[in-house]
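Student: I should like to examine one part of this structure closely, and then to see how the rest is arranged around it. Please take me through it step by step.

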Number of protein chains: 2
Amino acid sequence: MDDLLSFLRIPSISADPAYAGEVRRAAEFVRAWLERGGLENAQLIESPEAGAHPLVYADWLHAAGRPTLLLYGHYDVQPPDPVEEWLSPPFEPSIRDGNIYARGAADDKGQLFILMEAVAQSLRANGGQLPVNVKFLIEGEEESGGCHIERFVSKNPRALSANAAVICDTAMFAPEIPSITTGLRGIVYGEIFVAGAAHDLHSGDYGGVAPNAVEAIAQIMSALKSRDGTILIPGIYDRVQMPSAAEIKGWKKLPFDAEQFRRNEVGSTALTGESGYDVLTRIWARPTLEIHGIRGGYTGEGAKTVIPAAASAKISLRLVPDQKPEEVAEQLSSAIAAACPAGVVARFHPMHASPPCLIDPASPFLAKAAEAMQEVFGNSTAYIRCGGSIPIVGLIQRHLGIPSVLLGFGLPDDQIHAPNEKLFISNYLRGIVSIVGYFERLRFSAG
Amino acid sequence: MDDLLSFLRIPSISADPAYAGEVRRAAEFVRAWLERGGLENAQLIESPEAGAHPLVYADWLHAAGRPTLLLYGHYDVQPPDPVEEWLSPPFEPSIRDGNIYARGAADDKGQLFILMEAVAQSLRANGGQLPVNVKFLIEGEEESGGCHIERFVSKNPRALSANAAVICDTAMFAPEIPSITTGLRGIVYGEIFVAGAAHDLHSGDYGGVAPNAVEAIAQIMSALKSRDGTILIPGIYDRVQMPSAAEIKGWKKLPFDAEQFRRNEVGSTALTGESGYDVLTRIWARPTLEIHGIRGGYTGEGAKTVIPAAASAKISLRLVPDQKPEEVAEQLSSAIAAACPAGVVARFHPMHASPPCLIDPASPFLAKAAEAMQEVFGNSTAYIRCGGSIPIVGLIQRHLGIPSVLLGFGLPDDQIHAPNEKLFISNYLRGIVSIVGYFERLRFSAG
């Protein structure tokens, strides 16, 4: 596990250009590790685009006639802000109560290492041979919405051909319940910029006549979503498909207590969102709109009486089948324009997008993974969805035409994207055993 | 003028504790300058409160039987943010096109220096004697809402007794129109804090069920004020008194073009605010609500998909006669509580307040000041109001029972509280001559 700890020490924050060198160091770390572990053709794949982060590729393709798995993970991480809320520094892994605490512990360095370790252990256990063929494709722009992997996958479907993809970047539904994710929400992410007066003005001399850019953003945000969570963007629900009755029936069997969830995971005085839909449906199968950050005006110490001339906010919509990101981005952009108050100019700048995704639970590649996990964890595998977005799943579906097997060993309280992210070490170890077992179960399948 | 430039080089930002030493340096500078200029009893008056900034006092009281003037100004300045928008550094005064550019050039260091220079020149011109008695009382907490001067004035009415106060901290209505301000708006300033989930959450995993603190602040702000500028806080207009017909008639004669004002001073696509009131009335005689700055969530480079658990915003209300700050603060606090959406907790933290103020234009101390300025500028003096707050005027009215003569030599486009603040040098020089002339006109009044 020392190698994982070294990996977690690299602050590979892909969204912040100041960390570009560290992101590259993480890529090199993975490439070198895979090469040492017995993989072949281990290499960095560079993007022609300035500021992009390399892909890491490696393969082992000597199991003739057997299935080929495309193994995906990402070596980049979210920014650690707010850093002051971490109990131990985000890039100095700390082991407490059976968990590793570090930015990226669960999302996704720790889970990527499950795949890497499983392949290396399987090679060692089988005298340098694997029961299946594998191709690693590991990216460094998952948290920043970069498009290097999208371009690479779309241009190289033959080099990446496989029977299924295995993606280790999700969470189990609950402790001890192995889970396969069969649906992901898509996303449209961007920034709203509002400009009012030519410059900040004194609220004594101009209060009552000058537009206020922060106030305008507040009005725009309030116009996009009602207090009960209904998105007020015209047309936004037109393509939304509800899950099948069978799928919803499966969800109702899951061990879930909304009140416990509120208290232990959210920690707020109440849950919010659309009335008429239960919690899991709201997270997994309904579109949502969030504001992720806002800035404008004076936010330093003490009192300053400016009317802010400019303000900006980062926002996103989560999408569900069959919403289309391009269409939603246009609907959002139009709704922002329509909600813009007099005296200011509002502009939506799209940053990244990915479509929602469904995976057929009937695929044998999902069934064998479910069996392998069930054996290790001792509980039957649940089929769940995930409210987040993993753009690679849609890419693989579109360009390679194969199912993605989303095996997650994270836990719901792993605090990914938040302070004090962690990974449960027992899940890390059982994850490796599960993947080794999955490879064994595929030994007698045809490629 | 070299002394003024040295004064402007001191970053005496009272709102930011990091600049406490510079604020004190500015106080010392003024005290020493007055002593050299021939004033007596020049001293710093300390506050017992931690983090407070000293008052500067000095007097000359040898014009027996003649009026005594209390001369007020402030040596502290607003923060210079956003610093990157300054064409020359805020604390390195730059002379361009007949103006001095620096933070504090107009508000208030340059105008304070008009009073200081006028007294020093009058002393020199009269062989070490002044036509009137003067007491300087200069503060360093005007921009930070500190209460040192309030306590001092309320506890020392006898030491500060005078026939009128002269305050040089306002602007002329327009270039070449000398102006006396007869009304000021009050203010209630504070910060809204909103807390939702226990910590930031991932919008994929919790979007649709977790409260969003930034969204909640946007909803609260939108509930406090309509798009047409009407404040929606219950009871807020109950005590509002409209100006007299005579006063409004005077305002209508002022050279003012709303379209030019929009284009040249505000620079927005439209003016905002309550329909049914003209621009000057909206600024001078109507209460207004502004949000001065907001923060919450991720505002760094790139994309981060958090649901912010906390957010805050600085806001204020400008008050007009006869609104009461304590009552308005309570109305605001109640309205915030009433507008708070489910799942979050909102709290209003008041920071400072001052009442609105009216000064009787019939006072002879105003009339003689008007005559003195008219002689220097060649235009008759206008009686105007100011939309800003100068808390000292209310203090003087309440505790000393004397009128304040608000003589301003700033210009409407001086960019106070904004980048590229300036002072028109010609007004600085004519201001000094006007004040010297004002002293001469008071030579034969009784004290």
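Student: How many bridges join strand β2 (residues 55-60) of chain A to β6(A), and do the two strands run parallel or antiparallel?

Tutor: Please bear in mind that this is a predicted model. Strand β2 (residues 55-60) of chain A is joined to β6(A) by five bridges, and the two strands run antiparallel. One opposing pair can be found on the display: A:Y57 stands opposite A:L137 of β6(A).

Strand β6(A) also pairs with strand β3 (residues 68-74) of chain A, this time through seven bridges and in the parallel sense. Here A:H74 has A:E139 of β6(A) as its bridge partner. Thus β6(A) runs antiparallel to β2(A) but parallel to β3(A).

Next, consider how β6(A) is covered. The strand spans residues 133-139 of chain A, and seven of its seven residues are buried. In a regular strand, side chains alternate between the two faces of the sheet. It is instructive to take the two faces of β6(A) in turn. On one side are A:N133, A:K135, A:L137 and A:E139, on the other A:V134, A:F136 and A:I138, and all of these are buried. A:L137, already met as the residue opposite A:Y57, is therefore one of the buried residues of the first group, where a residue counts as buried if 20 or more other C-beta atoms lie within 10 Å of its own.

Let us now place this strand within its chain. Chain A is divided into domain 1 (2-184 + 356-441) and domain 2 (186-248 + 284-352), and the C-alpha centres of these two domains lie 33 Å apart. Where the domains touch, seven residues of domain 1 are in contact with twelve residues of domain 2. The domain 1 side of this contact has two nonpolar, four polar and one charged residues.

Another sheet of chain A repays attention. It is an open sheet of three strands in the order β4-β5-β18, with antiparallel pairing. β4 (94-96) and β18 (422-424) stand at the edges with a single partner strand each, so one side of each has no neighbour in the sheet. On average, neighbouring strands here are turned by 25 degrees against each other, with direction ignored. Three bridges connect β5 (residues 99-101) of chain A with β18(A), and the bridge partner of A:I100 in β18(A) is A:L423. Helix α13 (residues 425-441) of chain A packs on this sheet, touching β5 and β18, and its direction makes about 60 degrees with that of β18(A).

We may then turn to the two chains together. A rotation of 180 degrees, with 0.0 Å of shift along its axis, superposes chain A on chain B with an RMSD of 0.1 Å. The two copies are thus related as by a two-fold rotation axis. Within chain A, the residue that comes closest to this axis is A:A218, whose C-alpha lies at 2.1 Å.

The contact between the chains takes 86 residues from chain A and 86 residues from chain B. On the side of chain A, β11(A) gives the largest share, nine residues. By class, this side divides into 35 nonpolar, 35 polar and 16 charged residues. The copies meet through the same surface, because 100% of the interface residues of chain A are also interface residues in chain B.

Finally, a sheet passes from one chain to the other. The strand β11(A) is joined by five bridges to β11 (residues 288-297) of chain B, and the two run antiparallel. In this pairing, A:G296 stands opposite B:I294. The open sheet to which they belong has eight strands, in the order β14(A)-β9(A)-β13(A)-β11(A)-β11(B)-β13(B)-β9(B)-β14(B), with antiparallel pairing. At its edges are β14 of chain A and β14 (345-354) of chain B, each of which pairs on one side only. From one strand to the next the twist averages 25 degrees. Helix α6(A) packs on this sheet and touches β9, β11, β13 and β14 of chain A together with β11 of chain B; its direction makes about 175 degrees with that of β11(A). Helix α10 (residues 325-339) of chain A packs there as well, touching β9, β13 and β14 of chain A, and its direction makes about 165 degrees with that of β14(A).

Definitions and conventions:
Residues numbered from 1 in each chain as written. Chains lettered and ligands numbered in written order. Predicted model: local features only at pLDDT ≥ 70, side-chain atom pairs only at ≥ 80, totals over all residues. Contact = placed C-beta atoms within 7 Å. Helix = DSSP H or I, 4+ residues; strand = E, 2+ residues; numbered from the N terminus. Nonpolar A, V, L, I, M, F, W, Y, C, P; charged D, E, K, R; others polar. Pairing = 2+ DSSP bridges. Domains from an automatic or database assignment. Buried ≥ 20, exposed ≤ 12 C-beta atoms within 10 Å, placed from the backbone. Axes fitted to C-alpha atoms, helices over the stretch in contact; angles between N-to-C directions. Least-squares fit on C-alpha atoms with pLDDT ≥ 70 in both.
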